[in-house]
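Reader: I'm new to this one and would like a close look at a single part rather than a quick tour. Please pick a spot in the interior, and then follow what leads on from it.

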Amino acid sequence: MISFTCSLVALLLGYLLYGKLVTRLFGISPDRPTPCYTKADGVDYMPMPNWKVFLIQFLNIAGTGPIFGAIMGILFGPAAYLWIVFGCIFAGAVHDYLCGMISIRKGGASVPEMVGDELGSTVRVVMRVCSIVLLILVGAVFTRTPADLLASMTAGWGWTSPELWITVIFVYYLLATLLPINALIGKIYPLFGIALLVMAVGVGVGIYTHSGHLPELTEPLTGNHPAGQPVFPMLCITIACGAISGFHSTQTPMMARCIKNERYGRRIFYGAMIAEGVVALIWAGAAIKFASLLPGVGEGRTAYQALADMGTPAVVVGTICKGWLGTVGAVLAVLGVVAAPVTSGDTAFRSARLIATESLHIRRNNILTRLLVCLPFFAIAVGLMFVDFNILWRYFGWFNQTLATIMLWTAAVWMARRGKCYWLPFVPALFMTVVCASYILVADEGFSIPLRIGLSIGVALMLCLGVFFMLSLKRLRNNH
């Protein structure tokens, strides 16, 4: 319990102290007009209240990511605490803040345009393709799970077909993607965001009021995963949302187009990521503490094995909420495993539409044009519904963290060009380069080479990029 509590306190201190430092080193300009005023179009660019922007940003980047990822991540043991805390404060929140603020400075530009401006036109094209691929994967991944759950919940009514609910969800996606941002997203997202926070608070209180065992950092940090997976780099891919996530870089520009003033950036961009880290930490702690009381634990069976045997993360969420929070918990569980992924899927398709129209220089004020741009994305996502979910999730995870790494390198170049403290994104960019490179080399869905060799190659790539960046500093500053 001590390690869990210290981790919570560390996240809050990270926002208060390191978040303030990041803001100061970035150098905000409160008098600079933001894109919601300079490019107002009544569809994507429009000023919104700060509390609403925060809740939309929080739900955009969160969804079920910090819940499902944390539940799967705690199988690696107490090392999950460290990754959530340090990853969130020094990598994820820095990534989200710099992505949002650079987007504001570039008139609300999406992530491929930001990357292309700093890393070149070739990388811009690659990022356009990779971003849209990731967003379509998100739309597919976050459709199947809620559809299956809704089918099981409505079986008594005769609505047992997941395909029926997939159709319903896609109709909602289409509306949320095409309509102005304040029509659906601006109205329902704050409500779901509040529900997600209430659920996290309720489960967090349950951690302190219910019996069970929480692992401490004094326990072994390796060798806990039931399947024997190594902590590094697997943990850093498993827990993405809640530590650092490239999906956030596709979502953050949406709120960069709605924020009223740069001085709210820390609260909205850095703060929403810290809030997500708190949610991830709570669910990691709740899952393992709940599992520690399951039959057989302590009698030749570990809590990690018991948690893995409970089933999918959605089952774990439902079981804990019902057991700890009663009827209210059951309702919140439904919101968590149905509404949260759906609200990630709709903004994924909306972001894909924004990236495509921005890349092709298509006007956004015609709904028919927006529809024609979106239809291919929906068609591809429907096709992915027939691919095994676990395969989709693994590739989504790697794509996700790779985009985060590229955005960190982009932020480092942007900061260096302007004579700012490029070390803020540079250090986490180096770390995430090792994570992504070594993961795809050693993972089963990658090249399956031995761990030691994969890590060595990852470190070598990190050193090459780091040296190249340092040698390019003078040229970067002269070209600004």
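**A covered helix and what surrounds the core**

Author: Let's start with helix α4, residues 65-73, which is mostly covered, with eight of its nine residues buried (buried is under 20% relative accessible area, exposed is over 50%, and partly exposed is in between, using a 1.4 Å probe and protein chains only). The helices here are DSSP runs of H or I with at least four residues, numbered from the N terminus. The buried residues of α4 are Gly-65, Pro-66, Ile-67, Phe-68, Gly-69, Ala-70, Ile-71 and Gly-73.

A word on what you're looking at: this is a predicted model, with local features needing pLDDT of at least 70 and side-chain atom pairs pLDDT 80 or more, while totals for chains, interfaces and linings use all residues. Residues are numbered from 1 along each chain as its sequence is written, and side-chain values use heavy atoms, leaving out hydrogens and water.

Keep an eye on Ile-67, because we meet that residue again in the largest nonpolar core, meaning buried Ala, Val, Leu, Ile, Met, Phe, Trp, Tyr and Cys residues joined through side-chain atoms within 4.5 Å. That core has 166 residues, and the ones touching the most other members are Ile-67, Phe-269, Tyr-270, Trp-283, Leu-307 and Phe-469. Helix α12 gives the most to this core, with 18 residues. Take Phe-469 as an example of how such a residue is surrounded: setting aside residues up to four places away in sequence, Phe-469 touches Trp-409, Ala-412, Val-413, Ala-416, Tyr-422, Phe-426 and Leu-476 (contact is heavy atoms within 4.5 Å).

Now let's follow α12 itself, which covers residues 265-291. The axes of α12 and helix α5 (residues 79-105) come within 8 Å and cross at roughly 155° (axes are fitted to C-alpha atoms, over the stretch in contact for helices, and angles run from 0 to 180 degrees between N-to-C directions). That makes α5 roughly antiparallel to α12 (under 35 degrees is roughly parallel, over 145 roughly antiparallel, 65 to 115 roughly perpendicular, and the rest oblique). On the α5 side, the residues that meet α12 include Tyr-81, Ile-84, Cys-88, Ile-89, Tyr-97 and Met-101. Phe-269 and Tyr-270 are among their partners in α12, and you've just seen both of those in the core list.

While we're on α5, look at Ala-91, which sits in that helix. Ala-91 counts as buried, at 7% relative accessibility. Not counting neighbours within four places in sequence, Ala-91 is in contact with Phe-86, Ile-244, Leu-408 and Pro-428. Ala-91 and Pro-428 are 337 residues apart in sequence, yet their C-alpha atoms are 5.4 Å apart in space.

Back to α12, which has another partner: helix α3, residues 50-62. Their axes come within 9 Å and cross at roughly 50°, so α3 and α12 are oblique to each other. Phe-269 turns up here too, along with Met-273 and Val-279, among the α12 residues that meet α3. From α3, the contact includes Val-53, Phe-54, Phe-58 and Ile-61.

Phe-58 then takes us one helix further, since that residue is also among those in α3 that meet α9. Helix α9 spans residues 185-209 and packs against α3 at an angle of about 70°, with the axes 8 Å apart. The two are therefore roughly perpendicular to each other. On the α9 side, the contact includes Tyr-189, Pro-190, Phe-192, Ile-194 and Leu-197, while Trp-51, Leu-55 and Leu-59 are among the α3 residues taking part.

For another buried spot, try helix α15, residues 367-384, where you'll find Cys-374. Cys-374 is buried, with a relative accessible area of 1%. Leaving out neighbours within four places in sequence, its contacts are Thr-177, Leu-178 and Arg-353. Arg-370 is in α15 as well and counts as buried at 5% relative accessibility.

Finally, two backbone details to look for. Most residues other than glycine have a negative phi, and most peptide bonds are trans. Ser-448, in the loop between α17 (423-442) and α18 (451-471), has a positive phi near 55°. That serine is partly exposed, at 43% relative accessibility. The peptide bond from Phe-232 to Pro-233 is cis, with omega near 10°, and Pro-233 lies in helix α10, residues 231-238.
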